[in-house]
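These are my notebook entries on one protein structure. I recorded each item as I looked it up.

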Amino acid sequence: MMEHQTTVNVRFCETDALGHVNNTSYFIYLEEARVQFFEEIGYEMNTNEWQFILASTKCDFIGQAFFNQKLIITTEVSKIGTKSFHLSHSIHNKDTVELVARGEAIIVYFNFELQKSMPLSSDLKSALEEHYRALT
């Protein structure tokens, strides 16, 4: 099992009046991690091959992050279904390794022409299995 890691730098505009990262910014970080994950497994956002929709996402806020910190987002596949899969994310402070947040996303394999979900391709399933970790 391989895990994918993405590093983000917290920008000032991503913080709020209390000085910590605003809750909405975490969803931007999770999206960045998903995009980089898809690129790693061979799916570019700007090609005709894009066949994914985000069905659900959530984020649990565990700690705080602040301007100019570096955050590491680890992405793993936690479930592979017939037409969808789940990604699990953890966000840590790069310097202290402190857990800042946990996120999840449900991704559906989608045919945009027909406007309906479709079974995962065998190539996609194989790529996902390389990053699969059953969560207990």
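The entries below go through strands, loops, pockets and cores in turn.

**Entry 1: the model.** I noted before anything else that this is a predicted model. I therefore treat every value here as computed from a prediction.

**Entry 2: strand β3.** I began with strand β3, which spans residues 70-80. Is this strand mostly covered or mostly open? I found it mostly covered, with eight of its 11 residues buried.

I then looked up its partners. Strand β1, residues 4-9, pairs with β3 in the antiparallel sense, and I counted six bridges in that pairing. As one example, I recorded that Val8 has Leu71 of β3 as its bridge partner. Strand β4, residues 84-93, also pairs with β3 in the antiparallel sense, here over nine bridges. In that pairing I noted that Ile73 is bridged to Ile91 of β4. Three residues lie between β3 and β4, and the two strands form a hairpin.

I added one general remark on strands. In a regular strand, side chains alternate between the two faces of the sheet.

**Entry 3: two loop residues with positive phi.** I looked next at backbone angles. Asn68 is not a glycine, yet its phi is positive, near 75°. I located Asn68 in the loop between β2 (52-61) and β3. Is Asn68 buried or exposed? Its relative accessibility is 59%, and exposed means over 50%, so I entered Asn68 as exposed.

Gln115 also has a positive phi, about 55°, without being a glycine. I found Gln115 in the loop between β5 (99-111) and β6 (116-117). With a relative accessible area of 52%, Gln115 counts as exposed.

**Entry 4: the largest pocket.** I recorded a volume of about 260 Å³ for the largest pocket. It is lined by 15 residues, and those closest to its centre are Ser88, His89, Ser90, Arg102 and Arg133. Which elements give two or more residues to this lining? I listed β2, β3, β4 and β5. I also sorted the lining by class: seven residues are charged, six are polar and two are nonpolar.

**Entry 5: the second largest pocket.** For the second largest pocket I noted about 150 Å³ of space. The residues lining it include Glu31, Arg34, Trp50 and Ile107. Both α1 (23-40) and β2 supply at least two residues to this lining. The element that gives the most is α1, with four residues. By class, I found eight nonpolar residues, two charged residues and no polar ones.

**Entry 6: the nonpolar cores.** I turned to the interior. In soluble globular proteins, nonpolar side chains tend to be buried together. The largest nonpolar core in this model has 17 residues. Within it, the residues with the most contacts are Phe38, Ile41, Phe52, Phe85, Leu124 and Leu128. I noted that α1, β4, β5 and α2 (122-129) each give two or more residues to this core. A second, separate core has 14 residues, among them Tyr26, Ala65, Leu71 and Ala101.

I followed one member of the largest core further. Leaving out residues up to four places away in sequence, Leu128 touches Phe37, Ile41, Val77, Ile80, Phe85 and Leu120.

**Entry 7: Phe85.** I looked up Phe85 on its own account and placed it in strand β4. How exposed or buried is Phe85? Its relative accessible area is 0%, so it is buried. Which residues are in contact with Phe85, apart from its neighbours within four places in sequence? I listed Phe38, Phe52, Lys79, Ile80, Ala105, Ile106, Ile107, Leu120, Leu124 and Leu128. For Ile106 I also took the C-alpha distance: Phe85 and Ile106 are 21 residues apart in sequence and 5.9 Å apart in space.

**Entry 8: Asn111.** My last residue was Asn111, which lies in strand β5. I found a relative accessible area of 19% for Asn111. Buried means under 20%, so Asn111 counts as buried. Setting aside residues up to four places away in sequence, I noted that Asn111 touches Lys116 and Met118. Asn111 and Phe52 are 59 residues apart along the chain, and I recorded 8.2 Å between their C-alpha atoms.

Technical notes. Residues numbered from 1 in each chain as written. Predicted model: local features only at pLDDT ≥ 70, side-chain atom pairs only at ≥ 80, totals over all residues. Heavy atoms only, no water. Buried < 20%, exposed > 50% of the residue type's maximum accessible area, 1.4 Å probe, protein only. Pairing = 2+ DSSP bridges. 1 Å grid on protein atoms, 1.4 Å probe; cavity = no way out; pocket = protein on both sides within 12 Å on 5 of 7 lines; lining within 4 Å. Points joined across faces, edges and corners; volume = space filled by probe spheres on them. Nonpolar A, V, L, I, M, F, W, Y, C, P; charged D, E, K, R; others polar. Core = buried A, V, L, I, M, F, W, Y, C linked by side-chain atoms within 4.5 Å. Contact = heavy atoms within 4.5 Å.
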